[in-house]
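Work through the exercises below with the sequence and the structure side by side, and try each task before reading its solution.

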Amino acid sequence: MRLTEDYMVRALELGRRAEGRTRPNPPVGAVVVRDGAIVGEGFHPQAGQPHAEIFALRQAGEKARGADLYVTLEPCSHQGRTGPCVEAVIGAGIRRVFIGTRDPNPLVEGQGITGLQGAGIPVQVGILESECRRLIAPFAKHITTGLPFVILKSAMTLDGKTATSSGDSKWISGPGSREHVHRLRDRVDAVMVGIGTVLDDNPRLTTRLPDGGRDPLRIVVDSRLRISEKATVLSVPSEAATLIATTRAAPPDKVARLEERGVEVLQISEKNGRVDPAELMTELGARGIQSVLLEGGSELGSSLLQAGLIDRVMIFIAPVLIGGDDGKGLFAGRGATRIADALRLSDIFVRRFADDVLIEGEVGKCSPA
């Protein structure tokens, strides 16, 4: 079993290479193994390109006949922009198939597994399933609900503050943590902040990595359109666009000026005097946005959490003490009044970046403490 998992670990490594690049498809990795050695491997680089299994089979060539295939996601059985992978696997003479997780896509939903078994190929499902499901989490959320997968990222001090009483938050976390955040930006479809973050920090919301990287769509949630027309996020050089989500109470003349500059202004219904988070996420999902990195805004974060729209939380904790009782916390407003009613995250990961500690967990599957 250990060797089986090792091959799936390699398939996962391959799949992660295209994380954030495959929309509307999921990232997938595959390896072909014969006589205890990997003879072919591949990953799906982007929509319209061959799937991971095809690249792995091509590299293996004739060595695929009688070999085993390890793939992070159930092979597709339908005709899309590329042909069904199940037919290619059968035609290549693969002996056995090991699958990380079933495909949540209603067009597949076990049909790939059934197709392989119908051809007499033994199939084992669930190899490192948790890790494989994590790889496709944004795709799975979007394909089953139409909504994007939302990751809340924040940095806080050891005494639980995300900023001082004056709003200063640069820099709570260290360089290693900040580089990791840029790698997250490189792998998501959109990065989102509230207007308070823009007014306090004037961020660029771009991806800045030593090896380059891709900028995600920049989204500012600004219910009353208070953004300065000189804000950096409106003029930063980037191939990615900036979108401002506001309400119908936004001043029409300011909307027009921003749109003349190429900034999209999306007017959303109000809920409690602010942009309705559910309608916003529905609109983003309808545009094909699978993943959103929420990077700032205690009020915005609170509204999304209360609406059940946050799927993953990533908190960097730095060995810093602000002191006092007037610093800013992660969420605004009232939270749970009893510990028993508080949300407890599941599938916890803990990593260290120099002196910072990252705690990461899932919200969607969690329950009260």
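**Exercise 1. Describe the order of strands in the five-stranded open sheet, and then place the helices that pack on this sheet.**

Solution. In this predicted model, five strands make up an open sheet with mixed pairing, and their order is β2-β1-β3-β4-β5. The edges are formed by β2 (37-43) and β5 (123-125), each of which pairs on one side only. From one strand to the next, the twist averages 15°.

Next, take one pair within the sheet: β1 (residues 29-34) and β3 (residues 68-73) run antiparallel and are joined over four bridges, and the bridge partner of Val 32 in β3 is Leu 69.

Finally, add the helices. Helix α2 (residues 52-60) packs on the sheet and touches β1, β2 and β3, with its direction at about 140° to that of β2. Helix α4 (residues 111-118) also packs on the sheet, where it touches β4 (96-101) and β5, and its direction makes about 155° with that of β5.

**Exercise 2. Decide whether Ser 154 is buried or exposed, and list its contacts beyond four places in sequence.**

Solution. Ser 154 belongs to strand β6 (residues 149-157). Its relative accessible area is 10%, and because buried means under 20%, Ser 154 counts as buried. Leaving aside neighbours within four places in sequence, Ser 154 contacts Thr 162, Met 314, Ile 315, Phe 316 and Leu 330.

**Exercise 3. Find which residues join Ile 359 in a nonpolar surface patch.**

Solution. Ile 359 lies in strand β16 (residues 356-368) and is partly exposed, with a relative accessible area of 33%. Together with Ile 348 and Val 350, Ile 359 forms a nonpolar patch on the surface with about 250 Å² of accessible area.

Note on methods
Residues numbered from 1 in each chain as written. Predicted model: local features only at pLDDT ≥ 70, side-chain atom pairs only at ≥ 80, totals over all residues. Heavy atoms only, no water. Patch = residues over 30% accessible without salt bridge, like charges linked within 9 Å, V, L, I, M, F, W, Y side chains within 5 Å. Areas by Shrake-Rupley, 256 points an atom, 1.4 Å probe, with all protein chains shown as cover. Salt bridge = Lys/Arg side-chain N within 4 Å of Asp/Glu carboxyl O. Helix = DSSP H or I, 4+ residues; strand = E, 2+ residues; numbered from the N terminus. Buried < 20%, exposed > 50% of the residue type's maximum accessible area, 1.4 Å probe, protein only. Contact = heavy atoms within 4.5 Å. Pairing = 2+ DSSP bridges. Axes fitted to C-alpha atoms, helices over the stretch in contact; angles between N-to-C directions.
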